[in-house]
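Colleague: Got a minute to go through this one with me? I'd like to ask about a few spots.

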Amino acid sequence: MTVSKILSATPCGFQGQLIEIEGDLSKGLPSIQIVGLGNKAIDEAKDRVRSAIKNSLLEFPKGKIVINLAPAELPKDGTQFDLPIALSILQLNNLLSQESVSNALFAGELALDGSIRPIQSAITIAEAAERNNITTIYIPAENTEQALLLKNITVIPIKSLRQLFLHLKKECLIPPAVKKTTSDVTEVTDTPIDTIIGQEQAKRAISIAVAGRHNLLFSGPPGSGKSMLAKALASLLPPLRGQEIIDVTKLHSISNPDLADSIVSSRPFRAPHHTASRASIIGGGPKARPGEISLAHNGVLFLDEILEYPRSVLEALRQPMEDHTITISRANQKYKYPASFLLVATMNPCPCGYYGDAEKNCTCTSSQILNYQKRLSGPLLDRIDMTVTVNRVNHEILLQNKPFNNSQQLKITESIQQALHFQQQRFNSSKKHNGSLKSSEIDRYARLSPEAKNLLIKAAKSLDLSTRSYFKVIKVARTIADLEASDTVDTPHIAESLQYRQIQHS
């Protein structure tokens, strides 16, 4: 055979790209040349492949070998091409037929002894195969659990090049991998909501935020429990399901090479420090990897003391909060990652933290307070659905010895599940929530009673609400109505929603 063809794939942003490995053997000095915009790791594959074939007791062809990774204009990275390159060379030596590798995708890193090492983001490669109607993939045995998340793919786990060779020759077949049966286990959170004393309004805001996926901002003095409330919110989130598990696992495996065969089954709770760089939060770097906002996809992005973050980082959040995606542009390509997160942020009302506190006097000047609060720009604050002022709890209440039980956690979780069920029926989708409603959908899905509409119009004029704020009040009110099992949005729902529209210091 003079020309061989093997299919493989590579992660390209959030999606995988199908790659065709073409091989050509001609007369000349023995050599291997790899073309097709491969990086250093791919160029070094020729030495790994040569040693792996030799140590697998297989014959290496004599002559000049040219390997092309098509499409040639796409930059390629990773060691997953070692295996398909080796198979292509075996085809050139007439040790394998084209029929034995047809309608299948191959990916794996070769060790010098011919064994197969795990690769990064196997789930992305498996999804690329499924999208291109390829039914069978051959990947390292350590990567099979991720790939088995896709139901329409037959996954063949391989441990060595020789084992795969004997399988393709139909001399010693490898059985397909089988998904392990796991039962759904509810994780016990470190911060159940029952451990928080007082703060009933903040707890109510948490349940609304989780039920409708509304962004939430806590403002209050140090030690009032803002961070604890944010962690308690994470305990109320429903478990990941179906496609959500696939998307979250893909993002984390792209970002972290150590997650070769890990499946992310719990909702992410990302809490980057305020000293984190813009690229680490938004995404980017030399390989344009997803940032914290994408790693928080289908989960929570927690920004503790949001005013301490650089202004450029905060302003970069505005577009993802609206579109739920982030596009990272490079000179030769654009990478698009999902970023549908629930933003939970905390802030102090002033530099010393005690402006409006009932027990401790504020030492800041008016200009200091104003300049401090201006760090959170109006456009970004406008995109936050709910703001809650959290005051300190009296010491007498803190010392009350009440028996701990999970009653409040269970009650709030039940009401959230009820609200999510109403939204799923309303939108005929488990992905859409009240918080993601478009302005054009408000009249259809969040119909207001005449009295509620009159109250909202009067409040909008007196509070000088922007158009975005006006619609956010309705969205939050729709969620409040869902929590109370009401089909229509009435006056009490609008009245409560208006309470969360602006920060008020006591």
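Colleague: Let's start with helix H4, residues 122–131: how many of its ten residues are buried?

Modeller: Bear in mind that this is a predicted model. Buried here means under 20% relative accessible area. Among the residues of H4 that pass are Ala122, Ile125, Glu127 and Ala129. H4 is mostly covered, and the count of buried residues is eight.

Colleague: Which elements do those buried residues of H4 pack against?

Modeller: Both strands and helices turn up in the list. The strands are S1 (3–12), S2 (15–26), S5 (104–106) and S8 (136–140). The helices that the buried residues of H4 pack against are H5 (144–147) and H9.

Colleague: And the second largest pocket, which element gives the most to its lining?

Modeller: That pocket holds about 880 Å³ of space and has 36 lining residues, with Asp323, His324, Ser340, Lys431 and Ser436 nearest its centre. Helices H9 (243–255), H13 (318–323) and H20 each give two or more residues to the lining. With five residues, the top contributor is H20.

Colleague: Then how do the residues in the contact of H19 with H20 divide into nonpolar, polar and charged?

Modeller: H19 (450–463) and H20 (467–483) pack at about 140°, with axes 11 Å apart, and the crossing is right-handed. H19 brings Leu456, Ile457 and Ala460, while H20 brings Tyr470, Val473 and Ile474. By class, the contact has no charged residues, no polar ones and six nonpolar.

Definitions and conventions:
Residues numbered from 1 in each chain as written. Predicted model: local features only at pLDDT ≥ 70, side-chain atom pairs only at ≥ 80, totals over all residues. Heavy atoms only, no water. Axes fitted to C-alpha atoms, helices over the stretch in contact; angles between N-to-C directions. Helix = DSSP H or I, 4+ residues; strand = E, 2+ residues; numbered from the N terminus. Left-handed = near helix turned anticlockwise from the far one by under 90°. Contact = heavy atoms within 4.5 Å. Nonpolar A, V, L, I, M, F, W, Y, C, P; charged D, E, K, R; others polar. 1 Å grid on protein atoms, 1.4 Å probe; cavity = no way out; pocket = protein on both sides within 12 Å on 5 of 7 lines; lining within 4 Å. Points joined across faces, edges and corners; volume = space filled by probe spheres on them. Buried < 20%, exposed > 50% of the residue type's maximum accessible area, 1.4 Å probe, protein only.
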